[in-house]
Amino acid sequence: MTDKGFEKMQENHVAQMDGKSESESDDDWEEMNDEVQVLECLFCNIISNNLTDALKHLESAHNFSFAFFKSNHGLDVYSYIKLINFIRKNDIQPEELNEITVKSWESDKYLTPVIQDDPWLMLDVDELGDVPNSNEYTANSENEGVTLSEIHFAELQRTIQSLKAQLEQRDLACLLAKQQIEEMTKKAQKLVLDEDDALKPKERCVKNNTNDQGYFNTYSHFAIHHEMLTVIGDKVRTESYRDALLTNSNIFNNCIMLDVGCGTGILSMFAAKSGCKKVISVDQSDIIYHAMDIVRENNLTNIIELKKGRLEDIDLDVEKVDAIVSEWMGYFLLFEGMLDSVIYARDHYLSPGGKLLPNRCTISLVGSGDTKRYIDLVDYWSNVYGFKMSCMKAEVVREPSIEFCNAQDIVTNVAEIQSFDLYKVTTDCVNFVSPFSLTVKRSGSLTAIIGYFDVFFDLDNPVHFSTGPHATPTHWKQTVFSLSEPISITEGEIVTGKLICRRHPKDIRGLIVTIQIKDSSQVYYLD
């Protein structure tokens, strides 16, 4: 219990002491203690009458041992308070807690209570208990193995997860160190070969930043640009941008436009054809060198100026632009997308009243009843040549798949869960919690939740395209969140749930998505 909580209880106790016997006062004190111990679960709405029951509920219902978590993270009174408020404020689930570190809740802002007089904040961290002694297992001499209690086994699993997380952090530190060494090497080479740099075209002189190197290296490969311009991925995207620019040429005539992540320069060339007097095209991947040749081949060098590098690091040589165009969207709209760069461009370069293309996007969910896919992908592990491998199910569903979904397998209506106004959003918009309701159109089994997005160009001549299963296929396909177990559904039934999206703490372009539906909760990693 915190000092503040204790003092408050003392004041109430003293105020009630007058006119009462010692035994009556003791009874009141015990009743007050009992009242404070009434605890609502941190992860659901279950109420426990005392701390012991509350801790047991956390272990049995949520597989979360506070004693182990306290020991593993070295919680003291302040970090414990911050943890409780962190969970309350961000609606964190126990699965997510096992994947993050103390740094996630170490900010002093979490010292401020989210719930006034929160009973969990009244507890002393020592009251959470200690990790059981490791010698509580019994030896099995016949097979030279050991038998562990469920709690001890769960604790060992969490220890393994924690060690894996620490190993990932060390790997990340090694990667960053390697990147810094590479950057220093490049700087040294530049000093030695400075005369060679002087011979390069002006637009190729850029600042290097290796934080996104893996991401941008992906876009250096020709295959992905071929895919993004041809059959799969796609005529819908390219023609939507083309139509938005050319059918609204009256808006863009004689303006300066910025193309963020220009790739081969196709959108920049559409912008030039729409009447822009200047197009500044930025991309960090090496494909921009071929974009320079493409622009030159199409005699547009007098309009299009290409710059290699991260938008955040280079000088555009202009104070403001009249419009920003970017094909920044990733899978599930936000995974591996460039929204942060578009927001940076908007805040630093877009003139008041300037245009964003696109200017609005939405994310939607729909339910799938593709039982054949579930049997082939998930249930397969229940019987593999006569052997049970059910533990593999969790790994299979942990990572959403990117695939084309058959519209005939859709068993619910569509629920729009999030809308993004590109003129207003901040980089924190990737962190959101959205409840949803899906009305069942056909009885059967719900085997997966499908996510997709729509893109809008709200101009004089508006343009819109969708990446949903009912629309013309795009290279984004759909994002399929498979359920570990099918849910039986009846026509007309309303299935409610909640989707929690968080930016991955170790990958700025990755996401952690939690879907709570009916009585289940499942965490997915797009990384």
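The following conversation asks how some descriptions of this predicted model are justified.

Colleague: What should be known before the values are read?

Modeller: This is a predicted model, in which local features need pLDDT of at least 70, side-chain atom pairs count only at pLDDT 80 or more, and totals for chains, interfaces and linings use all residues. Residues are numbered from 1 along each chain as its sequence is written, and side-chain values use heavy atoms, with hydrogens and water left out.

Colleague: How many helices and strands does the chain have, and what makes a stretch count as one?

Modeller: The chain comes to 17 helices and 19 strands. Both are DSSP runs, numbered from the N terminus: a helix is H or I with at least four residues, and a strand is E with at least two.

Colleague: Why is cysteine 361 called buried?

Modeller: Buried means under 20% relative accessible area, exposed means over 50%, and partly exposed lies in between, with a 1.4 Å probe and protein chains only. Cysteine 361 has 0% relative accessibility and therefore counts as buried. Cysteine 262, at 5%, also counts as buried. Of the 527 residues of the chain, 46% count as buried.

Colleague: How do you know that cysteine 361 is not bonded to cysteine 429?

Modeller: A disulfide is a covalent bond between the sulfur atoms of two cysteines. Here the term requires a pair of cysteine sulfur atoms within 2.5 Å. The closest cysteine sulfur to that of cysteine 361 is in cysteine 429, 9.8 Å away, which is too far for a bond. The structure holds 0 disulfides.

Colleague: Is aspartate 118 buried or exposed, and what does it touch?

Modeller: Aspartate 118 has a relative accessible area of 1%, so it is buried. Its place is in the loop between α6 (94–97) and β3 (138–140). A contact means heavy atoms within 4.5 Å. Not counting residues up to four places away in sequence, aspartate 118 touches Ile84 and Arg88.

Colleague: What makes lysine 477 and lysine 518 worth pointing out?

Modeller: Most residues other than glycine have a negative phi, and most peptide bonds are trans. Lysine 477 has a phi near 55 degrees, a positive value, and lysine 518 has a positive phi of about 50 degrees. Lysine 477 is in the loop between β15 (463–466) and β16 (478–489), whereas lysine 518 is in the loop between β18 (511–517) and β19 (520–526).

Colleague: Why is each of these lysines called partly exposed?

Modeller: The relative accessible area of lysine 477 is 26%, so lysine 477 is partly exposed. Lysine 518 has 46% and is therefore partly exposed.

Colleague: Where is there a cis peptide bond?

Modeller: A cis peptide bond joins leucine 357 and proline 358, with omega about -5 degrees. Proline 358 is in the loop between β9 (350–357) and β10 (360–368).

Colleague: How do you know that β18 and β19 are paired?

Modeller: Two strands pair if DSSP finds at least two bridges between them. There are 7 bridges joining β18 to β19, which run antiparallel. In one of these pairings, the bridge partner of isoleucine 517 is serine 520 in β19.

Colleague: Which sheet holds these strands, and which strands stand at its edges?

Modeller: They belong to an open sheet of 4 strands with the order β13-β17-β18-β19 and antiparallel pairing. β13 (432–439) and β19 stand at the edges; each has a single partner strand, so one side of each is left without a neighbour in the sheet.

Colleague: Which sheet has parallel pairing?

Modeller: An open sheet of 5 strands, in the order β7-β6-β5-β8-β9, has parallel pairing. Its edge strands are β7 (304–308) and β9, each of which pairs on one side only. Neighbouring strands of this sheet are turned by 20 degrees against each other on average, direction ignored. Within it, 3 bridges join β5 (residues 256–260) to β8 (residues 321–325), and methionine 257 stands opposite alanine 323 in β8.

Colleague: What is said of helix α13 and its direction?

Modeller: Helix α13 (residues 266–273) packs on the sheet, touching β5, β6 (278–283), β7 and β8, and its direction makes about 175 degrees with that of β6. Such angles run from 0 to 180 degrees between N-to-C directions; axes are lines fitted to C-alpha atoms, for helices over the stretch in contact.
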